[in-house]
Amino acid sequence: MKVTKAQAQANRARIVETASALFRERGYDGVGIADLMAVAGFTHGGFYKHFGSKADLLAEAATCGFAQSAAKAKGVYAAEVVKQYLSREHRDARGEGCTMAALCGDAARQPESIKMAFATGVESLLTNLANQCGAPEEGDRGDDMRAKRIDVLAQVIGAIVLSRACPDDSSLADEILDVCRAAVLSRLSAPLDA
């Protein structure tokens, strides 16, 4: 039975969404093509009808993960995003959580196409954070605001990474989230020169 063009596109989207969640949960090296295709509901051989290589899928899955994160944060103020992001629920939901926190270390060892997908994703996150923070106060310079957003992004991602590296029931894992959440929320509410 011949697959329609629309069905082929839907199948590809299903593979990408499945891969995005599995890569975040297990890392790039923790997911093989055969396992991925089985979880997505397809045969191993069908992979190469959709993708030239696993690297092609890695980049597309990263882009999908960034889009999912942006959709979750759309219309939500930055302080609320930080509270949700630096929560135990987000920490423990690797497959549903942030692509950056789950895969930055893996992406650093991947081909340029994956690094470019991450760079584009970071820029998108910075833009979304700017939109969530509202209009800059009078006298704020754009470079200072961008630096503040980069600082916030780096701290929240780093906090999740550190917390996940601790044992699940560790008090340190929770302490990292609590301390970083309070620090970031304080910085978000403070003027730039503070």
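Is F66 buried or exposed? In this predicted model, F66 has a relative accessible area of 8% and is therefore buried, the limit for that class being under 20%. The residue takes part in an aromatic pair with F118, in which the ring centres lie 5.4 Å apart and the planes meet at 85°, an edge-to-face arrangement. The pair joins distant parts of the chain, since F66 belongs to helix α4 (residues 54-73) and F118 to helix α8 (residues 112-133), with the two positions 52 residues apart. F118 is also buried, because its relative accessibility is 6% and the class requires a value under 20%.

The chain as a whole contains 10 helices and zero strands. Its order of elements along the sequence is accordingly α-α-α-α-α-α-α-α-α-α. The C-alpha trace spans about 65 × 40 × 30 Å along its principal axes. Of the 194 residues in the chain, 37% are buried. Among contacts with a separation of 6 or more, 71% are made by residues 24 or more positions apart.

Four aromatic pairs were found in a search of the whole structure. One of them is formed by F47 and Y48, whose ring centres are 4.8 Å apart; their planes stand at 85°, over the limit of 60 degrees, so the pair is classed as edge-to-face. F47, Y48 and F51 together make up one aromatic cluster. Within this cluster, F47 has a relative accessibility of 0% and so counts as buried.

In soluble globular proteins, nonpolar side chains tend to be buried together. The largest nonpolar core of the model comprises 47 residues, and the residues with the most contacts inside it are F23, L57, L86 and F118. Two or more core residues are given by each of α1 (5-26), α2 (33-40), α4, α5 (78-85), α7 (99-107), α8, α9 and α10 (171-189). Helix α4 supplies the largest share, seven residues. For L86, one of the residues with the most contacts inside the core, the contacts beyond four places in sequence are with V156, A159, I160, L177, C180 and R181.

Helix α9 (residues 142-165) contains S163. The relative accessible area of S163 is 0%, which means that this residue is buried. When residues up to four places away in sequence are left aside, S163 touches R91, A173, I176 and L177. L177 is thus a contact of S163 and also a contact of L86. M145 is likewise found in helix α9. With a relative accessibility of 16%, M145 falls under the 20% limit and therefore counts as buried. The C-alpha atoms of M145 and D29 are 36 Å apart in space, and the two residues are 116 positions apart in sequence.

The largest pocket holds about 500 Å³ of space. Its lining consists of 20 residues, and those nearest the pocket centre are S69, A73, V81, Y85 and C98. Helices α4, α5, α8 and α9 each give two or more residues to this lining. By residue class, the lining divides into 11 nonpolar, seven polar and two charged residues. The four helices named for the pocket lining are also among the elements that give two or more residues to the largest nonpolar core.

Two partly exposed residues were examined in helices that contribute to the core. T63 lies in helix α4. Its relative accessible area is 46%, a value between the 20% and 50% limits, so T63 is partly exposed. T63 and I114 are 51 residues apart along the chain, and their C-alpha atoms are separated by 9.2 Å. R26 is placed in helix α1. R26 also counts as partly exposed, because its relative accessibility of 37% falls between the same limits. Outside the four nearest places in sequence on either side, R26 touches V31 and D35. The C-alpha atoms of R26 and A102 lie 8.6 Å apart, although the residues are 76 positions apart in sequence.

Notes. Residues are numbered from 1 along each chain as its sequence is written. This is a predicted model: local features need pLDDT of at least 70, side-chain atom pairs count only at pLDDT 80 or more; totals for chains, interfaces and linings use all residues. Side-chain values use heavy atoms; hydrogens and water are left out. Rings of Phe, Tyr and Trp (its six-membered ring) pair if their centres lie within 6.5 Å; planes under 30 degrees apart count as stacked, over 60 as edge-to-face and the rest as tilted. Buried means under 20% relative accessible area, exposed over 50%, partly exposed in between (1.4 Å probe, protein chains only). Contact means heavy atoms within 4.5 Å. A nonpolar core is a set of buried Ala, Val, Leu, Ile, Met, Phe, Trp, Tyr and Cys residues joined through side-chain atoms within 4.5 Å. On a 1 Å grid over the protein atoms alone, a cavity is a set of points where a 1.4 Å probe fits but cannot get out, and a pocket is an open set with protein on both sides within 12 Å along at least five of seven lines; lining residues have an atom within 4 Å of a point. Grid points are joined across faces, edges and corners, and a volume is the space filled by probe spheres set on the points. Ala, Val, Leu, Ile, Met, Phe, Trp, Tyr, Cys and Pro count as nonpolar, Asp, Glu, Lys and Arg as charged, and the others, Gly among them, as polar.
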